[in-house]
Amino acid sequence: MTDSGQPELGRVGIWTFAYEGQPAGRVRESAAEIEELGYGSIWFGEAFGRDTVGQAWLLLSATQRIVVASGIANIAFRDPIATATATRALGEAFPGRYVLGLGGHRVDDTAHELDGYPVPARGRAVTTMRTYLQAMDAVPAHGPIPDPTPRRVLAALGPKMLQLAAEHTWGAHSYFVSTKHTEQARQIMGPNAFLAVEQAVVLDTNQSRARQVATAHVAGYLSAPHQEANVRRLGFNDQDIVGGPSRRLVDEIVAHGEVEVIRRRVQEHHDAGADHVCLQVLTADTTSLPEHEWRELAAALLPHPTA
């Protein structure tokens, strides 16, 4: 427990998009097993599958102790009033176990497309997020007040968003980053803000196959302007980005190979200032859950699972 009486997330958790394509019963079974394996958290993404609130409720209702975190709830998908009231409901029903991660690459100052979906201009990212947080805080409560208050984190990559996360929320959730970014984020946010880092991993002793999966993952995210901007801030250049990701970039973003490689990367993030590392297991089969890998990583990284 934290000083506020809320459950700890522990050193290692799971991050996944895989639940979006699975039936509800399958998700419940899997979440219960992740809890029994001893992971401290389940982080889940939001694209065009289940709504983040429904997915959180599904995972929380299937478990007893583990922390469930949105990673992230896209602020462009819902009004601040809807987010505030839904967060209160989850906080009341599952005290201390829900963490609201807010962000969204649909926050932009130019109109563009996301997966073929037309996206209007919405203003500068940090200003938009600050306004959204203020609007959430202003929503009156006409029902039960959750105790403790649900924790909030921001999807933060750049210095200004990291500062906002440290000043106005519990902390930051960084995604698609290197250990260098973790070190920089800790310096920017100071010693007290919470920092949860997503780490993509490929657990496969076949190096050629592992690198292929890792490269495809990195290449997919480089099409997002905010992700490309972030890797450039970390010192990568056209040679690493244009025409496909370089070996150097892939190795910095994705830990791939034997379990010891992944264990070292997790430790490096902690040494750089991360409070929590959530592992996104990548496989060539994106239609199934990486349950074998989750089990193997738990055995290596979590030697004493919760009874």
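Me: Is Gln22 buried or exposed?
Reply: Happy to start there, keeping in mind that this is a predicted model. Gln22 sits in the loop between strand 1 and helix 1 (24–37). A residue counts as buried when its relative accessible area is under 20%. With a relative accessible area of 13%, Gln22 is therefore buried.

Me: Which residues does Gln22 touch, not counting those up to four places away in sequence?
Reply: One partner comes from far along the chain: Thr287 is 265 residues apart from Gln22, yet their C-alpha atoms are separated by 8.3 Å. Not counting residues up to four places away in sequence, Gln22 touches Val27, Arg50, Thr287, Ser288 and Leu289.

Me: How many helices and strands are there in the protein?
Reply: Helix 3 (residues 80–93) is one of the helices, and strand 12 (276–281) is one of the strands. In total, the protein has 12 helices and 12 strands.

Me: What is the radius of gyration of the protein, and how does it stand against the globule rule?
Reply: For 307 residues the globule rule gives 19 Å, and the protein's own value is close to that, so the protein is as compact as a globular protein of that length. The C-alpha trace spans about 55 × 50 × 40 Å along its principal axes. The radius of gyration itself is 18 Å.

Me: What share of the contacts with a separation of 6 or more is between residues 24 or more positions apart?
Reply: Arg11 gives a nice example of parts that lie far apart along the chain: its C-alpha atom and that of Val266 are 255 residues apart in sequence and separated by 8.9 Å. Over the protein, residues 24 or more positions apart account for this share of the contacts with a separation of 6 or more: 72%.

Me: Which residues is Arg11 in contact with, leaving aside neighbours within four places in sequence?
Reply: Arg11 lies in the segment before strand 1 (12–16). Its relative accessibility is 45%, so Arg11 counts as partly exposed. Leaving aside neighbours within four places in sequence, Arg11 is in contact with Gln267, His270, Asp275, His276 and Val277.

Me: Why does the length of helix 3 agree with what it should span?
Reply: Helix 3 covers residues 80–93, which makes 14 residues. At 1.5 Å a residue it should span 20 Å, and this agrees because its end C-alpha atoms are apart by 20 Å.

Me: What covers the buried residues of helix 3?
Reply: The buried residues here are Pro80, Thr83, Ala84, Ala86, Thr87, Leu90 and Gly91. As a helpful background point, an α-helix has 3.6 residues a turn, so residues three or four places apart point the same way. The cover over the buried residues of helix 3 includes helix 2 (52–61), strand 5 (98–103) and helix 4 (125–137).

Me: Where is the residue Pro148, whose peptide bond from Asp147 is cis?
Reply: The bond from Asp147 to Pro148 has omega near 5°. Another cis peptide bond runs from Gly71 to Ile72, with omega near 10°, and Ile72 is in the loop between strand 3 (67–70) and strand 4 (73–74). As for Pro148, its place is in the loop between helix 4 and strand 8 (151–155).

Me: What is the phi of Phe176?
Reply: Phe176 is found in the loop between strand 9 (171–174) and helix 6 (179–189). At 1% relative accessibility, Phe176 counts as buried. Its phi is positive, in a residue other than glycine, with a value near 60°.

Me: Where is His226, and how far is its C-alpha atom from that of Leu301?
Reply: His226 belongs to helix 8 (residues 225–233). At 32% relative accessibility, His226 counts as partly exposed. His226 and Leu301 are 75 residues apart along the chain, and their C-alpha atoms are separated by 31 Å.

Me: How far apart in space are Ala284 and Gly143?
Reply: Ala284 is in the loop between strand 12 (276–281) and helix 12 (291–301). At 69% relative accessibility, Ala284 counts as exposed. Ala284 and Gly143 are 141 residues apart in sequence, and their C-alpha to C-alpha distance is 46 Å.

Me: How far apart are the mean positions of the positive and negative charges?
Reply: The protein has 27 positive and 35 negative charges. Their mean positions are apart by 3 Å.

Conventions
Residues numbered from 1 in each chain as written. Predicted model: local features only at pLDDT ≥ 70, side-chain atom pairs only at ≥ 80, totals over all residues. Heavy atoms only, no water. Helix = DSSP H or I, 4+ residues; strand = E, 2+ residues; numbered from the N terminus. Rg over C-alpha atoms; globule rule 2.2 N^0.38 Å. Contact = heavy atoms within 4.5 Å. Lys, Arg positive; Asp, Glu negative; His and termini not counted. Charge placed at Lys NZ, Arg CZ, Asp CG, Glu CD. Expected span 1.5 Å × (residues − 1). Buried < 20%, exposed > 50% of the residue type's maximum accessible area, 1.4 Å probe, protein only.
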